[in-house]
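Hello,

Here is the structure I promised to hand over. My notes on the sheet and the pockets follow below it.

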Amino acid sequence: MIPIQKIRAHKEELAIKLKKKNFSNLHLLDEILTLDDNRKSTQRLLDELLAQSNQLSKQIPILMKDGKKEEAETLKIESANLKSATQAYADEMRALEKLILDLHAQIPNIPHDKVGYGKSAEDNTTVRTGGEIPNLIDGALPHWELTKKYDIIDFDLGVKLTGAGFPVYKGKGAKLERALIQYFLDKATEAGYLEIIPPLMVNEESAFATGQLPDKEGQMYQNHDGFYMIPTAEVPVTNIYRDTVSAESDLPIKLTAYSQCFRREAGSYGKDVRGLNRLHQFDKVEIVQLVQPDTSYDTLETMTSHVESLLIELGLPYRVLLLCGGDMSFASAFTYDLEVYSAAQEKWLEVSSVSNFEDFQANRLKARFKNGEGKIELCHTLNGSALALPRIVAALLENNQTEKGIRIPQVLVPYTKFEYID
């Protein structure tokens, strides 16, 4: 969340910037400040009553000791009345804090100055491209037909076992999936990230802290115990540092995790979600950093370059997009999307988002560090997909079709132990 002191100091400027995200409920800024003023006034009254109550509590035993029982009894009645008033103000404080939090949680992060206006992916800006789009062999097939031809991913069996969007990987398809996961993890650890194996379910506090709740509640699976299936490893990994204060010397904190991810993707249908293009359960390797505020945008570029290096080594044509305000996530201040070209489908497929949340997540998380002057500051948090596997697999299968079979990128052969799917 945006710190309230920042809203108070820069309300007009923030209102202008929020329009980039097409956020129209700007009245919430004023409502939050008014409620916060009421909270402060109530807190002052509560503190005064508590001080009076404490003073009476000290006087009563002295009067009793001096034999002034009548005066002591009078103070006891006064003390009881004070406790009732104190409880009323404490209840009012809790109600105000909850109302402020409910309104505060509806305000998205402020986009960076370099983020442009726009409403959808059509308004994103191409920053750079890399690789060459392949010329496919005659009779080239889309990946959903290739997976059936080579019996490596079974979508129909997934429907039987669970439902649409839950594929079953088989044989060389399963080995390719596992090879990619290991390759991505190895490259992340080589880059200095500490590997984590996180839980696949999180509590409501964790989902709120990273911004999934209340923004993406409809996209998340929830079980009867109230836990949420994670939509990305970003959620549990970033929450490792919830309610913590790190030493400045510990920054940057660099973490990586492979996990299965679960997304309801409500309302998704049609040719754009066929095969591996959009799933309810999928594999992804995530990279997360907690850094000093003045280094976060350099870190964003470094993380994006790391993802690019993976695509280059896999031989996939790609492009890097700067997202417009209307296509960014609720919690992001700046996001690069990386897309690969799927030759048989003749379309670009998003395979990674690398985002800087600045102090928005950290304020919810209370993820802080002690600076060189001994003061406590909020960290900046960043995360990126490195990489999400389904569309990587789709592009690899389609782009590497040969008369001999599907060629495996050379960098993966030490992991797969085979050079072709045939």
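**The sheet**

This is a predicted model. Eight strands form an open sheet, in the order β1-β10-β11-β12-β15-β9-β8-β4, and the pairing is mixed. At the edges sit β1 (125-130) and β4 (194-196), each paired on one side only. On average, neighbouring strands in this sheet are turned by 25° against each other, direction ignored.

The β4 end is worth a look. Strand β8 (residues 253-262) pairs with β4 in the parallel sense, over three bridges. One residue pair to display is isoleucine 196 with alanine 257, its bridge partner in β8.

A helix packs on this sheet: α9, residues 296-313. The strands that α9 touches are β1, β9, β10, β11, β12 and β15. The direction of α9 makes about 5° with that of β15.

**The largest pocket**

How much space lies in the largest pocket? About 1,400 Å³. Its lining has 50 residues. Nearest the centre of the pocket lie Arg263, Asp337, Glu350, Ser353 and Arg391.

Several sheet strands take part in this lining. At least two residues each come from β9 (281-291), β10 (318-322), β11 (334-342), β12 (347-356) and β15 (380-388). Helix α11 (389-399) also supplies at least two. Which element gives the most? That is β12, with eight residues.

The lining is mixed in chemistry: 18 residues are nonpolar, 16 polar and 16 charged.

**The second largest pocket**

The second largest pocket holds about 510 Å³ of space. It is lined by 25 residues. Closest to its centre are Phe155, Val159, Gly165, Arg274 and Gly275.

Three elements each supply at least two residues of this lining: α4 (143-149), β2 (153-154) and α5 (155-161). The largest share comes from α4, with four residues. By residue class, the lining divides into nine nonpolar, seven polar and nine charged.

**Where to start**

Please begin with β12. This strand lies between β11 and β15 in the sheet order, is touched by α9, and gives the most residues to the lining of the largest pocket. Then turn to α4, which contributes the largest share of the lining of the second largest pocket. After that, go to the sheet edge at β4 and its parallel pairing with β8.

Best wishes

Technical notes: Residues are numbered from 1 along each chain as its sequence is written. This is a predicted model: local features need pLDDT of at least 70, side-chain atom pairs count only at pLDDT 80 or more; totals for chains, interfaces and linings use all residues. Side-chain values use heavy atoms; hydrogens and water are left out. On a 1 Å grid over the protein atoms alone, a cavity is a set of points where a 1.4 Å probe fits but cannot get out, and a pocket is an open set with protein on both sides within 12 Å along at least five of seven lines; lining residues have an atom within 4 Å of a point. Grid points are joined across faces, edges and corners, and a volume is the space filled by probe spheres set on the points. Ala, Val, Leu, Ile, Met, Phe, Trp, Tyr, Cys and Pro count as nonpolar, Asp, Glu, Lys and Arg as charged, and the others, Gly among them, as polar. Two strands pair if DSSP finds at least two bridges between them. Axes are lines fitted to C-alpha atoms, for helices over the stretch in contact, and angles run from 0 to 180 degrees between N-to-C directions. Contact means heavy atoms within 4.5 Å.
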